Amino acid sequence: MNLRIFLPLFLLFMSFCSTAQLKINEIMSNNISALMDESHNYSMWVELYNSDTNSEDQSDYYFTDNLSQPQKWKPLSKIIPSRGFGILWFERDERSGHANFKLAPQGGVLYLLDESGVVIDKVIYPPQYRNISYGREADGSEDWVYFVEYSN
């Protein structure tokens with residue numbers, strides 16, 4: 001096969017394969033009294049959005065705030081349907097299903113990685129306000145805004 005034809009086709013194929021289905025869609029790292037977790041605590045939370053036409057299992061991914069620890073936390077298995085959402089709780093690692101690290105209310109970064117360690121999505125977020133979430137202006141879009149009324 002001619003390499004000039006094969007290489008562009010291969011790169012095109014790889015770009016379709018690495019398209020992120022799950023996206024970090026919204027975060028609240030300063031949840032004082034807005035949304036309770038299953039144990040009636042106001043934990044930090046992250047909303048995932050599945051932009052794909054197929055369901056995705058969130059346990060196929062890892063979260064970290066430090067790329068030197070790419071597999072810092074793997075959420076429990078939960079299927080997120082096509083165009084659907086999932087909420088993940090951060091901060092209380094003693095609780096089953098909660099992340100083993102906190103989101104920094106003063107601002108920071110959160111990475112979503114696939115099982116091979118490739119960064120699928122990330123959010124670099126500014127300082128957060130009490131009970132105000134920070135998310136994509138439209139589900140899955142590139143523009144981030146503060147939401148006075150969070151979506152859940």
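**Exercise 1.** Is Asp65 buried, partly exposed or exposed, and with which residue does the side chain of Asp65 meet in a salt bridge?

*Solution.* The model is a predicted one, and the values below are computed from it. The first step is to take the relative accessibility of Asp65, which is 29%. Because buried means under 20% and exposed means over 50%, with partly exposed in between, Asp65 counts as partly exposed. The second step is to look for the partner, and here the side chains of Asp65 and Lys72 meet in a salt bridge with an N to O distance of 2.6 Å. Lys72 is partly exposed as well, with a relative accessible area of 23%. Lys72 has a further contact, since its charged end sits over the ring of Phe101, 4.7 Å from the ring centre. Phe101 in turn belongs to a cluster in which ring pairs link Phe63, Trp73, Phe90 and Phe101.

**Exercise 2.** Work out how many salt bridges the model holds, and describe the setting of the pairs that involve Glu115 and Arg136.

*Solution.* The count comes to 3 salt bridges. In one of them Glu115 is joined to Lys74, the closest N and O atoms being 3.1 Å apart. This pair links distant parts of the chain, as Glu115 lies in the loop between β7 and β8 and Lys74 in the loop between β4 and β5, 41 residues apart. Glu115 is partly exposed at a relative accessible area of 44%, and Lys74 is partly exposed at 34%. Next comes the salt bridge between the side chains of Arg136 and Asp121, with an N to O distance of 2.6 Å. Arg136 lies in strand β9 and Asp121 in strand β8, so this pair ties together parts that are 15 residues apart in sequence. Arg136 and Asp121 are both buried.

**Exercise 3.** Explain why strand β2 is described as largely enclosed by the rest of the structure, and identify the strands with which it pairs.

*Solution.* Begin with burial: 7 of the 7 residues of β2, residues 44–50, are buried, so the strand is largely enclosed by the rest of the structure. Both faces are covered, with Met44, Val46, Leu48 and Asn50 on one side and Trp45, Glu47 and Tyr49 on the other. Then turn to the pairing, in which 6 bridges join β2 to β1 (residues 22–28) in the antiparallel sense, with Val46 as the bridge partner of Ile27. Strand β2 also pairs with β6 (residues 85–90), again antiparallel and over 6 bridges, and in β6 the bridge partner of Tyr49 is Phe85.

**Exercise 4.** Determine how many aromatic pairs are counted, and then classify the pair that Tyr49 and Phe85 form.

*Solution.* The count comes to 8 aromatic pairs. For Tyr49 and Phe85, the centres are 5.1 Å apart and the planes make an angle of 35 degrees, which gives a tilted pair. Tyr49 is in strand β2 and Phe85 in strand β6, so the pair ties together parts that are 36 residues apart in sequence. Tyr49 is buried, with a relative accessible area of 10%, whereas Phe85 is partly exposed at 38%.

**Exercise 5.** Give the strand order of the open sheet of 3 strands, and state which strands stand at its edges.

*Solution.* The order is β4-β7-β8, with antiparallel pairing. Strands β4 (61–64) and β8 (119–125) stand at the edges and have a single partner strand each, so one side of each is left without a neighbour in the sheet.

Key. Residues are numbered from 1 along each chain as its sequence is written. This is a predicted model: local features need pLDDT of at least 70, side-chain atom pairs count only at pLDDT 80 or more; totals for chains, interfaces and linings use all residues. Side-chain values use heavy atoms; hydrogens and water are left out. Two strands pair if DSSP finds at least two bridges between them. Helices (H or I, at least four residues) and strands (E, at least two) are DSSP runs, numbered from the N terminus. Buried means under 20% relative accessible area, exposed over 50%, partly exposed in between (1.4 Å probe, protein chains only). A salt bridge is a side-chain nitrogen of Lys or Arg within 4 Å of a carboxyl oxygen of Asp or Glu. Rings of Phe, Tyr and Trp (its six-membered ring) pair if their centres lie within 6.5 Å; planes under 30 degrees apart count as stacked, over 60 as edge-to-face and the rest as tilted. A charge sits over a ring if NZ of Lys or CZ of Arg is within 6 Å of the ring centre and within 35 degrees of the ring normal.
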